[in-house]
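Thanks for sending this one over. Here are my notes, in numbered points, to read with the structure open beside you.

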Amino acid sequence: MSNPRQSASETAPARNGENPNLKPVNVKLVLLGEAAVGKSSLVLRFVNNDFQENKEPTIGAAFLTQKCRLEDKVIKFEIWDTAGQERFHSLAPMYYRNAQAAVVVYDVTKAASLDKAKSWVKELQRQANPNIVIALAGNKIDLVQPAEESEEDPAENGREGGRQVPTEEAKAYALEAGLLFFETSAKNGDGVRDIFVEIAKKIPLEHIISRPRQTSNSINPGMGGTSGVNNGQNRTNNASGCGC
Amino acid sequence: MVCFCVVNFDLELGQAMDSMYPPSELGEEEKKSVCFSAFPDSNSFDVGETVFNFRIRCSKSGLAASGPTADAGFLYGYVFFRQKKDPRIKRGYFQRSLVLLSQHPYVGLFSRVVSILGPAYFEVGNPMLEAACHDIASWKSPSPSKLIDLPFLGNVIQVEIPQPNKPQLLETCPFDMANYRPDLQILASLPPTSMFTHFRDMIKDLWLCWELMLFAEPIVLMAPDPKICSESVLELMDIINPIPYCGDYRPYFTIQDLDFKSFVTKNKPPSNVIIGVTNPFFIKALAHWPNLVRVGKPRVRKTTDNSWRGSHASSLDFVQGVKSKRKSVIAKDKAILKRLAEAVARGYPPDYLLNNILRRYFVDLTEKFLVPLNRYFSTLIPFHITLSSSQEPPQLKPFKTDSFLKSLQEHGPQIPFKTKKFQTNTTETYLNFYTQFLKCGNFATWLRQRTIEAQNELRKRYLQVLCEGDVKTWMVGKHEMELVDLLVRVKDELKLSKQDSLTDSQSLVNRECDHVSLSIPTPKQREKLKAQADIIISGLPRDLRESFTATAGI
């Protein structure tokens, strides 16, 4: 029988043939936001680098995973992409419970969606895991990009009356509420990867690795310590090794 | 999974099905069975929640699996029951159950599913069921002995699906024991509360239970509530693993069950059956059954006043233990009893580890019991297979009781029989023990399964010989009829593999689960068989060669 007190480095199999130090750290991440702001599309872009027009609404929540390499660690995001429709609102606590990260999404062309995002942030800060890392993402910037910078069909740009949430306003709110902030386009991919990379950097991984409590002496030495988390110097705009 | 059912207990209507999601074509009788099995049937339960399971006959609606397996014709129900005070309801109580119906006996997995979903559903309502079904629909179909991640309502449940007739133990599971989380890392065949926990005050009786289960004797298991009852029945079935239990089993059997009349008669009890009951009525009605196992202490009713002693009176009439006409002959293992008692006194390791020790012990005991049977069985398997060994794929020799008993006497048994002062002839004891086993249904299922395994193995070896055998050397000096015979056998295999390549991957998966069917040449073996056929053809006389190359379209 395996001794439960044995250290993780001795018993953990090197899954997928990887170096045991690179055994992925699971991070539960939840996406929240009003219906049709593009939560599923952001995930689809991040996980499959793909985009679909007119995606069907999510029921309950969809579950996807994506690994992301960050310096000496591999993070496996377990992504719960929740349904935005109001009838599923009360299910949300099931999904954000024990989540280490949340991405709250709004639509830059719809002012009301930022209000909804703010109420999600409030709910998370009140009821979710106290260490949760929250990112605010203003999606659909492809709809408001000036025509000369956009590679998309210029006819798209004028649609829906353009931007309703100024970048500065949302940014100021994010700063005040202690959130990471991004503007993204799931359609052309702008800013999508950055959300997940920055979240990965900000999450206190040591805390996650040392769970469960009774094996606090079993931290794999290769996983803790010098992770460069929060030092802010590794922020590159490229993929920074992200395995997607 | 078939569907979720919501069952309500109403003062006027009694048990009634509120809804099914997704809508499902259960027959009226089956609906009734589900309803009655979904509630505690005695007053044991006061306020609170419980999770248990049942198994009901469900042959009419066609929802149950069909085929020769033990699961055929039955559905498994996994229940989350909640009872709480609610002044808005006439009876003063909210009494509802959420039932998951499935064709699969994965008690560990589905009990977890209903215990996550149940409370959430009663809070939130139908969108929760919708979300749950959506999650379950995204699950892959179960494949044995693989670790699968199942996303469910914000949790990722890791499950190991059992291989048929292989016990699931922590030693063999793929979980990282350093970070093991029993709530989310689940061995699908094991009930959520361990055998060690349920039987902790009567561990000594498990040796007798093992004998009763080994011979598939009729057993009534009486417990104070449906959870202990249903889980204990499954745990007793598991105790003789890897021998497949041949009989019928009802983890939670109520007086309203469709089969009530066939079980509860004045007649001699059916053999090969274990039923779990909570209603004391059965004690009298089935008093003529030879074996009664009582498990579990009645739950002390939760009251605000802790000094209330009324419950103790009733716990006194419920004495745990086994009443049996059988005299046990297997010696208990004092070392393991001591080890467990010490662990309990010390307060660690946790129950799930002690349970594993206990279950591991009985797996070993069963395997030791099987040693003489396996030893004899291996003599029935043809040893040598050569290119010319037979016309047909080789067959097993029949199992003969006399020769087995002779072999048993020669080598002796591996399990410890009790030695008594006045009992001089222990040989007689163990010969009787095995003779009795050969007569019971478990032996038949064991032999069948073992035969299938051996035939599969033989077939693999046969194919290997056909593929790898040195045909050139073998052909020297052989008559052309022998060559043609071998060629036909090789071509038969090629035909088989061609048929197979036409079927889709889904049916391949089905074939793996269905262990009756035999292995089919792999694409690699197919290439080798083709090469072998060419060699043989080249060694044939010209006229024959032409007739074969003309039909070589395979």
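1. Let me begin with residues 302-316 of chain B, where pLDDT stays under 50. For this stretch the predicted model has seven contacts beyond four places in sequence. Residues 502-516 of chain B have a pLDDT below 50 as well, and there the model shows 10 contacts beyond near neighbours in sequence.

2. How does chain B score on average? Its mean pLDDT is 84, and 87% of the residues reach at least 70. For the complex, the predictor reports an ipTM of 0.78 and a pTM of 0.82.

3. Now to chain A, which has seven helices and six strands. Read from the N terminus, the order of its elements is α-β-α-β-β-α-β-α-β-α-β-α-α. You can trace the chain with that string in hand.

4. How much of chain A is buried? Of its 244 residues, 48% are. The chain exposes about 11,600 Å², with carbon and sulfur atoms supplying 46% of that area. As for contacts in chain A with a separation of 6 or more, 73% of them link residues 24 or more positions apart.

5. Please take a look at strand β3 of chain A, residues 73-82, where 10 of the 10 residues are buried. Both faces of β3(A) are covered. On one side sit A:Lys73, A:Ile75, A:Phe77, A:Ile79 and A:Asp81, and on the other A:Val74, A:Lys76, A:Glu78, A:Trp80 and A:Thr82. Notice that the buried residues include A:Lys73, A:Asp81, A:Lys76 and A:Glu78 alongside A:Phe77 and A:Trp80.

6. Which way does strand β1 of chain A run relative to β3(A), parallel or antiparallel? The two are parallel, and seven bridges join β1(A), residues 25-33, to β3(A). To find this pairing on screen, look for A:Leu29, which stands opposite A:Ile79 in β3(A). A:Ile79 is also one of the buried residues of point 5.

7. Strand β2 of chain A, residues 61-70, pairs with β3(A) too, here in the antiparallel sense and over 10 bridges. A:Arg69 has A:Val74 as its bridge partner in β3(A), and A:Val74 is among the buried residues of that strand.

8. What links β2(A) to β3(A)? The two strands form a hairpin with two residues between them. In the turn, A:Glu71 has a positive phi of about 45°. Putting the last points together, β3(A) pairs with β1(A) in parallel and with β2(A) in the antiparallel sense, while both of its faces are covered.

Technical notes. Residues are numbered from 1 along each chain as its sequence is written. Chains are lettered from A and ligands numbered from 1 in the order in which they are written. This is a predicted model: local features need pLDDT of at least 70, side-chain atom pairs count only at pLDDT 80 or more; totals for chains, interfaces and linings use all residues. Side-chain values use heavy atoms; hydrogens and water are left out. Helices (H or I, at least four residues) and strands (E, at least two) are DSSP runs, numbered from the N terminus. Buried means under 20% relative accessible area, exposed over 50%, partly exposed in between (1.4 Å probe, protein chains only). Contact means heavy atoms within 4.5 Å. Accessible areas come from the Shrake-Rupley method with a 1.4 Å probe; for residues, only the protein chains shown count as cover. pLDDT is the predictor's confidence in each residue, from 0 to 100. Two strands pair if DSSP finds at least two bridges between them.
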